Amino acid sequence: MVAFLIRRFVGMILVLIAVSFIVYLIFIVIPGGDPAQRIAGRVATPANIASIKHELGLDQNIFVQWFKMVKSLLSGTLVSYYNQTNVVQQIKQGIPATFSLCIGAGLIWLFFGVLVGTISAIRAGRVADRFITALALIGISLPVAWLGLVLLYLFADDGLNTWFPPGGYVPLTQDPIQWAYHLILPWLTLAVLFIGFYGRVLRSNILDTINEDFVRTAKAKGLSSQRIIVKHVLRASLIPIVTLFGLDFAAVLGGGAIITETVYNVQGVGWYAAQAIGQQDLPPLMGVTLYGAAFIVVFSTLIDIAYAYLDPRIRLT
Amino acid sequence: MAEPLLDVKDLKVRFATEDGIVQAVSGISFNLEPGKVLGIVGESGSGKSVTAMTIMGLTRGVNARFDGEVLYKGTDLLNVSDSGMQEYRGNEIGMIFQDPMTSLNPVYRIGAQIAEAIQAHEEVDKRGARARSVELLRQVGIPNPETRVDDYPHQFSGGMRQRAMIAMALSCNPSILIADEPTTALDVTIQAQIVELIGRLKDDFKSAVIFITHDLGVIAEIADEIIVMYAGRVVEQGTTRDVFYDPQMPYTWGLLGSIPRLDRPRVDRLHTIEGSPPSLINLPQGCKFRPRCPHAFEKCTEEPQLENRVETPGHLDRCWLDVEFKRNHRDETISPGSEEAA
């Protein structure tokens, strides 16, 4: 176990180094990506641009540039090209909103995904299954931005009904009720896609597992059908769901809920990333990407540990 | 004659599939008395497993149709609801399956899986169930049961897993143990141990046994009565003695001829039954074995009934051939080459 953790930790560091370098490279390579040119404005002279480049260190070797940026990011001194705000401070500010959105949505989509997947599998081929399948496919197909805007239009202030506020975020510590009230629509919007997807995956897993010999053995023991479903079928079918959930959850925690945060003006990490993309502002992008990548690598290690716990045949190596 | 524990009367099982109606079992009848062993023999698809699973109520589904009766201590199990069957499964009738590699749940400990069966039927606490599991594992010959009880299935060998399955099936002292090809997935030396174990445990637990196999050699030692099935039908039925020493059905001869035997002169090649079993959707007319039978004649286009054609009462078969003709010719199939040797 210790050897496993050490090996995975070294792997994580290597992955993060590679990710940060690739992000830097992409940003420098894209047309119009040169920050000096944009900072200098439309009527800049070449001398102007050159001096900005020198100031930002952009005239140096690309490896040196990249190394300096990562170093200042890790020491917490990296600032935006656009408005000089501190990147690490900004990400920290966004974390409560992002976590509130993602943990709530994650619980909703996990619960309903498992619920509809199980119902759909048990009632396979019947009306309930067909109904859920149709809903799931609709849920998977709805673009998040469109769904967010439609929900706002239908249920929020300035729309047809005024049941919900038109976005924004109220900290949990300030007012728990307002916190939840503001987050209901964003939670649903973010969860819908995953509910549909998890439901489909779980349905087919259950239908595979239900034909396993050990399920027949469980039935031959005289167990009740609920116990067979929960203890024998669901237990085996949920293992792939653990992977899916781990990675999806890590991605949204890491700032992946860009569209939902933007549509509902929840000023979290994803929202911050969206701003930075709009301004082609490299330092915040670098910060958010590394922050997100760190979640992905940490969660994938957690998934492997959970696997070894869920399936005793798997050894951590 | 003792009161029969299980009385199966003209059981028929059909499944509706996309290709048509599958006549999986078309009429099987037998009695099982306490302490007796019934062997059901036949090729894949002959209906032997479906018969066993139907007794347990494991073949139910929207596409399945049943006729006849399965009387267990006087109750027709075909009419018991699926949840009502929970009382019988494991508790009154225990079952062992073919492949011990896949029949145990890989994510639970062996002991927990046995304890689960016990707790499904009896009011025992966890510790009591665990102690019983250890004791059962000891009875089926698992070494160090106190520690092996906490192993996972993948830590057991194939033979040990089948022993664990037997322990699980016997955990609630069932009156009937159904063994559905329990030795097929195991190698030969382990096969003999498992058969011997089942033979011994049925006496310890006073259970009757239905032993399903495609290998007549496996049950020669322990069966009291044998049913030979072909294409969902019983083609020969009688005591083990009748079936081994006076087999009436050319199909039975083929099965007997395909077993290597030490008590007969050695032959270069064992007998093979040419061809494969018919599709259960589209059965041949007349005797179902006719297309593969070397002795088929005109009359075989008419289906023979299962009836008593020999002197021994209770020895039934489905063959039009003359009994004397069969007695003179069957050794050509059962032990080819032995005439010259003798």
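This passage walks through a predicted model of two chains, A and B, beginning with each chain as a whole and ending with a single residue.

Chain A is a run of helices and nothing else in the way of regular elements: there are 13 helices and zero strands. Read along the sequence, its pattern is simply α-α-α-α-α-α-α-α-α-α-α-α-α. The C-alpha trace of chain A spans about 85 × 60 × 35 Å along its principal axes. Of the 317 residues in chain A, 34% are buried. Contacts across the sequence count for a lot here: taking the contacts in chain A with a separation of 6 or more, 69% are between residues 24 or more positions apart.

Chain B is built from both kinds of element, with twelve helices and twelve strands. The radius of gyration of chain B is 21 Å, and the globule rule gives 20 Å for 342 residues; the two values are close, so chain B is as compact as a globular protein of that length. Its C-alpha trace spans about 65 × 45 × 45 Å along the principal axes. Buried residues account for 46% of the 342 residues in chain B. As for contacts with a separation of 6 or more, 66% of those in chain B link residues 24 or more positions apart.

Now for the strands of chain B. A good place to start is S3(B), residues 37-41: five of its five residues are buried, so this strand is largely enclosed by the rest of the structure. In a regular strand, side chains alternate between the two faces of the sheet. In S3(B), both faces are covered, with B:Val37, B:Gly39 and B:Val41 buried on one side and B:Leu38 and B:Ile40 buried on the other. S3(B) also has partners. It runs parallel to strand S8 (residues 208-213) of chain B, and five bridges join the two; within this pair, B:Gly39 sits opposite B:Phe211. Strand S9 (residues 225-230) of chain B is parallel to S3(B) as well, this time through four bridges, and here B:Val41 faces B:Val228.

Strand S6 (residues 93-96) of chain B tells a similar story. Both of its faces are covered: B:Ile93 and B:Met95 are buried on one side, and B:Gly94 and B:Ile96 are buried on the other. S6(B) pairs in the parallel sense with strand S7 (residues 176-180) of chain B over four bridges, and B:Gly94 is opposite B:Leu177 of S7(B).

Chain B also has antiparallel pairing. Four of its strands make an open sheet in the order S2-S1-S4-S5. At the edges of this sheet are strand S2 (20-32) and strand S5 (75-76), each of which pairs on one side only. Two bridges hold S5(B) to strand S4 (residues 64-72) of chain B, and this pair is antiparallel. Across it, B:Leu71 stands opposite B:Asp76.

Next come the nonpolar cores. The largest has 94 residues, and the members that touch the most others are B:Ile166, B:Ala167, B:Ile176, B:Ile178, B:Ile210, B:Phe211 and B:Val228. Helix H6 (residues 158-170) of chain B gives the most to this core, eight residues in total. B:Ile166 shows what such a position looks like: leaving out residues up to four places away in sequence, B:Ile166 touches B:Ile96, B:Val140, B:Leu197, B:Ile198 and B:Leu201. A second, separate core has 57 residues, including A:Trp109, A:Leu151, A:Leu253 and A:Met286.

Where do the two chains meet? In all, 18 residues of chain A are in contact with 23 residues of chain B. On the chain A side, helix H9 (213-220) and helix H10 (225-256) each supply at least two residues. The largest share on that side, six residues, comes from H9(A). Sorted by class, the chain A side has six nonpolar, four polar and eight charged residues.

Last, a close look at A:Ala273, which lies in helix H12 (residues 269-278) of chain A. A residue counts as buried if 20 or more other C-beta atoms lie within 10 Å of its own. A:Ala273 has 27 within that distance, so it is buried. Setting aside neighbours within four places in sequence, A:Ala273 is in contact with A:Gly255, A:Ile258, A:Leu285 and A:Val288. A:Ala105 sits 168 residues from A:Ala273 along the chain, and their C-alpha atoms are separated by 20 Å.

Conventions
Residues are numbered from 1 along each chain as its sequence is written. Chains are lettered from A and ligands numbered from 1 in the order in which they are written. This is a predicted model: local features need pLDDT of at least 70, side-chain atom pairs count only at pLDDT 80 or more; totals for chains, interfaces and linings use all residues. A residue is buried if 20 or more other C-beta atoms lie within 10 Å of its own, exposed if 12 or fewer, and partly exposed in between; C-beta atoms are placed from the backbone. Two residues are in contact if their C-beta atoms, placed from the backbone, lie within 7 Å. Ala, Val, Leu, Ile, Met, Phe, Trp, Tyr, Cys and Pro count as nonpolar, Asp, Glu, Lys and Arg as charged, and the others, Gly among them, as polar. Two strands pair if DSSP finds at least two bridges between them. The radius of gyration is taken over C-alpha atoms; the globule rule is 2.2 Å times the number of residues to the power 0.38. A nonpolar core is a set of buried Ala, Val, Leu, Ile, Met, Phe, Trp, Tyr and Cys residues joined through C-beta atoms within 7 Å.
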